[in-house]
Amino acid sequence: MTLPALFLADAVDVLREHVCYWRLPEGPDRHHRPDARGVRDRFAAVAGIRRFLADPAHARLRAYQRDYDRAQLTDGLLDLVDALPAAAPECRTAFLDCARDFLSGVDPRLFPTLPVELRMRWYLIRAGRLADLLTLLTHEARNPAGFAVAGPPLRKRAVLPLTPPLELPPGVTRLDRADFPVRARVREAEWRGGVLVLRGYAYIRNLDAATRHSYLRTAVLSCGRRRILLPLRPVAMPEATAESGQELHCYDWSGFELRLDPARLRKGGRWEESDWSVGVLLASAGVVRAAALHAAETGSGAAPCARELPGDGTGAVRITPRYPDGRLRLSVVRPARRLTGHRAVAAGALDLTVTTAGPPPTALRLTHQGTGTVVSFPVEAEPPTGRGPGPGPGQADEAPCTAPRTAPGAAPRTASPPLTFRVRLDALAAARPPRDGAPRAIPPAHTESWAAEVVLPGGGTDPIACDLGLAPAAHPLPHGRELVVAAGPAGNLVLHDRTPQPYLDRALWRADGTLLVAGALPDAAPLATELVLKHGAHAAELAFPTTHDEGRFHAALPLGALPSLAGPLPLREGRWTLHLRERGAPGSALDAPVRALPSLLGGLPATRTVRGKPLALDRHRHDEALVVAGPALPATDRGPYRRRMLREQHYALHRSRPLRDTVLYSSFGGRAYGDSPRAVHEELVRRGMDVEHLWAVRDAQTAVPETARAVLVGSAEWHGALAHSRWVVTNTHLPRWFTRRGGQRIIQTWHGTPLKRIGADLAGTLCAGLAHLAPRPRVSRQWSVLLSPNAHSTPVLRSALGYSGRLLETGLPRTDAFFAADRDLRAAAVRERLGIEPGRKVVLYAPTPRDDLAYDAGHHRLHLPLDLDLARRELADDHVLLVRSHPLVADRLPAHHAPFALDVSAHPDATELLLAADVLVTDYSSLAADFANTGRPMLFLTPDLPHYRDTLRGFTLDFEARVPGPLLTSTGELIDALGDLEEIAAAGADAYADFREAFCHRDDGGAAGRVADLMER
């Protein structure tokens, strides 16, 4: 309906307001396998549009047929192609039939114009070569648009490194200029002694930069007909390879350093206002390509600072690096209008004083940066006089700016008398765009920005320059907001209508990774505040108390060693925005962002590396503070290319060496020191087994005891340990490329009783298309033995995991803790560590992650159907709620729910939490089988039971009939059940006993000992 309407319309209005909010798919929907009917429906819709465009009644539309077909080949139908590897056979057949029918009607001259990677795809589809297409798609999943390049300079062709080779005609694999795109990023940009120094990387896709001399390269500055060539100094930058997302090519020496002296931009020795594009010219393997430089996501290269330099007798010039269209440009301007003062006056107005050169302006124009709304104010007849000294940020009554600066050595410019513009604050507030119609998923804006310009007599406009060191000054607005006078990224005047926000003016890293920050509070700041770090991708935050001192705040953020239930750990990987809010208040999308003063911007990013973990205080959106925690893995071990080199070379090398008496432990892929691998480790240490103990750790987020040594997952050391360790004890899958060698013993403990379906048993469910849950047919060659917790699990694990090797029904080593002599002492220690007062009933809530609520395969959302506010009101007097999420869940419970509700997901071992709990509340977690060993009550909060059972995963048992506790559908029912546990326990005693007999009959406290006996043989 939409496309025909667009084609038939005489005009189209583009609205700035939200009309439709399209939510990007998450979890399995992102990789959901289409069915045959859905495929046919998609192609039927495409055919309908093509018939519409070919209709003789709309002859003028026939010209759009080629564009529409190209859009389908390059974008519209590609999701169906990408889904083919996981699709069912009947779906693949439907796709091939429909796609070949569609391709038969496409103009053949269109195919040669496609990028080479798409030409290969559509050629195989048109030829009906399904098996070859699947091989190509598997390769592209690891190497997007990746291939080797062969042939002489003018007859280059793409070669896929596949065995056996994929036969494709020369017309399909030929390479044009467009098939060699350049990736160029500026990672660092800083001024050194008046010279702009840029550092980054630039390479031609699919052409290696493995050595210093792989490329010839130069920088090209262009302005009209002028060209300036500057040398690029090659530098090693393995980050370029790590960030390339492919495993075929090395781009380590694509790094460059460019020193740009602004004096080179003069013409005839004099400054002229100009706008320069900055690009690179690269040559390698007979291919020459030019490209613009783009910004990196973070770092000084993403938001370079402007610089003011001496002029040539007519005033200073300003050099501003910027990315107006995503491409680096340098503007050279001689500011003609400058802000020299601003002050609040009576009756809700703000006076701005501007000096001008040239014709006097007639008005001040403010343009909203977002909607384009314009508000204008005339020149005041008599400029105000008698201004006093300027204030600090956030407290401006009268605020003159520095007089227009004349750079050293420059003659002063002749300027007209200063003009004053009176900004009526009520008019500005009335022009503020309404936000009522925005979708709930889009948070309201805390800042509305207005770009200021003067209107010239001829109707033109000119920006108003500010001093580059201008400290933002706030003036109060109604409804708790403020109007901030500040300089924008280019150094021009911007007015911000926003909620009160703090400014950082000091930041210092200690050697231990503690970040010390201080800054100015807004006038409306609460009496007690906290600094909050919010993860940019996941619902996780960290709060740090602040101290106040005469309108200022101070805080220490121990980011190199954050206190946690697992011990001191560095800040986990990610981009964390910095906010200030009232201490203990619930989090909100309107939490005030912390901004950096101009005096601090030039020193950012400020970096510190602590025990291999890189940390940086940075900024985004010009001046909003940001903490970036990099991966603990060094750049030389990161990315698909390094992983391939490590497994093909480093791992292979260590496999050729003798086995070592080493035990490598892995719990949830390095995410914890716990579960059954911990129990086995402690048993071997108790026995004094003469081996080296290594513990796999992901991103330094797991603290290990002195009895073991941490090994970073993905590092060269980890690859070597997998190759030469005589024993490997793991509770999850090992890498697909791992193969057990002779004499190596791989103990697969698994991670619980499979109450819900896994692996091959997911066929027919929503999760069947998820790669991380798919069965792995090679596990029999990887594992020496698979441990089963009970008789129920034995056949389930065999069929679901496709395992035909040795299986021992030993019980789970992690359950030994329920029978240990010190179990009560361990439980008391956990309660004390969590600060739980004696006499409180401890409720452990352990929800199962939902595969349809995921950020990606390795990071799930927290599924929390529990109304915590209601639970607090009813239970806080004598209960404490411990929330334990699955190791794959990236979200965390907000801190303001404490002390009633505590997030204990960071605790290294769920078994210790089970020991400390009086009641377990869960839904479908295997922890229920473990907790049954305690005999304590269990409650099952399952409001989505029909969806989980019939659509999402399903169960390996009759769940409703077998669970040893009531099935609850709401928080109210849970509260009632917690108040009536004795009656519930009595009513369900038989079901509890049956459940315990079925799933705990192998648990006797000796499972870890049986595994140790197996390893000592």
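**Strand S25 and its partners**

Visitor: Which residue in S25 stands opposite tryptophan 450?
Guide: This is a predicted model, in which local features need pLDDT of at least 70 and side-chain atom pairs count only at pLDDT 80 or more, while totals for chains, interfaces and linings use all residues. Residues are numbered from 1 along each chain as its sequence is written, and side-chain values use heavy atoms, leaving out hydrogens and water. Strands are DSSP runs (E, at least two residues), numbered from the N terminus. Opposite tryptophan 450 in S25 stands leucine 495.

Visitor: Over how many bridges do strand S21 and S25 pair?
Guide: Two strands pair if DSSP finds at least two bridges between them. Strand S21 covers residues 447-455 and runs antiparallel to S25. The number of bridges over which they pair is five.

Visitor: Which residue in S25 stands opposite glutamate 482?
Guide: Strand S24 (residues 482-487) also runs antiparallel to S25, joined by six bridges. Five residues lie between these strands in their hairpin, where glycine 491 takes a positive phi near 85°. Facing glutamate 482 in S25 is arginine 498.

Visitor: Why is strand S25 described as largely enclosed by the rest of the structure?
Guide: Buried means under 20% relative accessible area (1.4 Å probe, protein chains only). Leu493, Leu495 and Asp497 point one way from S25, Val494, His496 and Arg498 point the other way, and all are buried. Strand S25 (residues 493-498) is therefore largely enclosed, its buried residues being six of the six.

Visitor: Which are the edge strands of the open sheet with the order S49-S48-S45-S50-S51-S52?
Guide: The six strands of this sheet pair in parallel. An edge strand here pairs on one side only. The edge strands are S49 (901-903) and S52 (967-968).

Definitions and conventions
Helix = DSSP H or I, 4+ residues; strand = E, 2+ residues; numbered from the N terminus. Buried < 20%, exposed > 50% of the residue type's maximum accessible area, 1.4 Å probe, protein only.
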